[in-house]
Amino acid sequence: MDLKRYLIARQKEVDRALDRFLPKASVPPVTLHKAMRYSLFAGGKRLRPVLCLAAAEACGGKSGAALPQACAVECIHTYSLIHDDLPSMDNDDLRRGRATCHKVFGDGIAILAGDALLTIAFEIATHTKAVSRYDLRDIFHEITVAAGSRKLIAGQVADLEAEGRRITRAQLRSIHENKTAALLTASIRLGAMAANANAKQLAAATAFGRALGLAFQVIDDILDVTQTSEKLGKSAGKDVAAKKATYPAVIGLEKSRAEARRLTHQAHTALEPLGKKAVVLRALADYLLAREY
Ligand code: GRG
């Protein structure tokens, strides 16, 4: 299959839907809507929404049924990036290849743009169509748990608290599971749910998401030390400078590479119950691993 063509088509589909869901930049408060759009349309990979759409297809459904959920997750992801870049968090100047939201709009508007993106995710999620096995309550439960104080925000708290400290491999894995893998897994589960996945399909999608989510963060940690800021579109080498808890810091670069390969293999194995329909998810896992080389 031609993954590049698939990615471009799906990214465009997601961008068009996000553009429809977001208030236009001319709608008051203009500065806020400009800031939300500035960060949302800054050229992210749209990995989470694409995984969501591909998971719907892998479970025998149509990708279009998962579009609101895919867009909701992308809004939550973008909010987390805006807040993470703030001076009181990671204090970063570069994101998605351009100046961070607070550098352009100021800290106050950046905080509010993040808040508004988080909130609009739930408005967008109301466009989800219920299927026989899952209703809106299930969709909201999935999103709120992944984005909440026991997953995404727990990971960010642990990450902040681990700065400059020695932590174990198990602690690091737990940070990555919460900070990164939980929202990625939720994206994939939401796609499966849009396709009315049965218990076996949902379990396969979940296992795939957990392995892929961890692999993604291990690879992201590796890229931070092996790539340039230009290539990444965000500040490279920041993890080392900020004494961040990362895989290369805790187990070394070569072992991190081996771990990324092991987790990618685990992700592939998890897809077996979904058969041939999971071709795109399988290719996406390989594509993420290949980013490292
Ligand atoms: C502020 C609540 C709160 C959470 C922040 C997402 C996050 C937690 C921090 C951002 C920094 C970071 C290293 C996050 C780990 C997840 C990750 C690698 C995000 C970047 O995702 P990509 O590569 O980004 O998919 P694009 O820009 O392509 O969407």
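## A question to start with

How do the residues lining the second largest pocket divide into nonpolar, polar and charged? The split is 9 nonpolar, 5 polar and 6 charged. We'll come back to that pocket further down. One thing to keep in mind throughout: this is a predicted model.

## The ligand and its neighbours

Let's go to the ligand. There are 18 residues around it, and the ones that come nearest are Lys45, Arg48, His77, Arg96 and Gln217. Sorted by character, the shell around the ligand holds 7 polar, 6 charged and 5 nonpolar residues.

Three of those side chains are worth a click in the viewer. Arg48 has a polar side-chain atom 2.8 Å from an oxygen atom of the ligand. For His77, an N or O atom of the side chain sits 2.8 Å from a ligand oxygen. Arg96 also has a side-chain N or O atom 2.8 Å from an oxygen atom of the ligand. As for cover, the ligand taken alone exposes 700 Å², and the protein buries 92% of that.

Which elements give two or more residues to the shell around the ligand? They are α4 (67-84), α8 (152-162), α9 (169-194) and α10 (199-226). Of these, α4 gives the most, with 6 residues.

## The largest pocket

Where does the ligand sit? The space it takes is the largest pocket, which has a volume of about 1200 Å³. The lining of this pocket runs to 46 residues, and His77, Leu81, Arg95, Asp220 and Lys234 are the closest to its centre. So His77 turns up twice here, once among the residues that come nearest the ligand and once among those closest to the pocket centre.

Plenty of helices chip in. At least two lining residues each come from α3 (47-58), α4, α8, α9, α10, α11 (229-232) and α12 (238-241). By character, the lining of the largest pocket has 20 charged residues, along with 13 nonpolar and 13 polar ones.

## The second largest pocket

Back to the pocket from the opening question. The second largest pocket has a volume of about 370 Å³ and is lined by 20 residues. Nearest its centre are Lys151, Ala181, Ala182, Thr185 and Arg210.

Which element gives the most to this lining? That's α9, with 8 residues. The elements that each supply at least two residues are α7 (136-147), α9, α10 and α14 (253-270). Helices α9 and α10 are also on the list for the largest pocket, as well as on the one for the shell around the ligand.

## Enclosed spaces

Apart from the pockets, the model has 3 cavities of 30 Å³ or more. The largest cavity holds about 90 Å³ of space. It has 13 lining residues, with Ser39, Ile82, Arg95, Thr100 and Cys101 lying nearest the centre. The elements giving two or more residues to this lining are α2 (30-40), α4 and β2 (98-99), and α4 has the largest share, 3 residues. In terms of character, the lining of the largest cavity comes out at 6 nonpolar, 3 polar and 4 charged. Arg95 is worth a second look: it's named for the centre of this cavity and for the centre of the largest pocket.

The second largest cavity has about 50 Å³ of space. Its lining is Leu7, Gln11, Lys45, Arg46, Leu47 and Tyr287, which divides into 3 nonpolar, 1 polar and 2 charged residues. Lys45 is a name you've met already, as one of the residues that come nearest the ligand.

## Two backbone details

A couple of spots in the loops deserve a look. Pro28 and Pro29 are joined by a cis peptide bond, with omega at about -5°. Pro29 lies in the loop between α1 (3-21) and α2, and α2 is one of the elements that help line the largest cavity.

The other spot is Asn91. Its phi is positive, at about 50°, although Asn91 is not a glycine. You'll find Asn91 in the loop between α4 and β1 (94-95). That makes a neat way back to the start of the tour, with α4 being the element that gives the most to the shell around the ligand.

Definitions and conventions:
Residues are numbered from 1 along each chain as its sequence is written. This is a predicted model: local features need pLDDT of at least 70, side-chain atom pairs count only at pLDDT 80 or more; totals for chains, interfaces and linings use all residues. Side-chain values use heavy atoms; hydrogens and water are left out. A residue is near a molecule or strand if one of its heavy atoms lies within 4 Å of it. A polar contact is a pair of N or O atoms within 3.5 Å; within protein, one must be able to donate a hydrogen and the other to accept it, and residues adjacent in sequence count only if both atoms are side-chain atoms. Accessible areas come from the Shrake-Rupley method with a 1.4 Å probe; for residues, only the protein chains shown count as cover. On a 1 Å grid over the protein atoms alone, a cavity is a set of points where a 1.4 Å probe fits but cannot get out, and a pocket is an open set with protein on both sides within 12 Å along at least five of seven lines; lining residues have an atom within 4 Å of a point. A molecule sits in a cavity or pocket if more than half of its atoms lie within 2 Å of its grid points. Helices (H or I, at least four residues) and strands (E, at least two) are DSSP runs, numbered from the N terminus. Ala, Val, Leu, Ile, Met, Phe, Trp, Tyr, Cys and Pro count as nonpolar, Asp, Glu, Lys and Arg as charged, and the others, Gly among them, as polar. Grid points are joined across faces, edges and corners, and a volume is the space filled by probe spheres set on the points.
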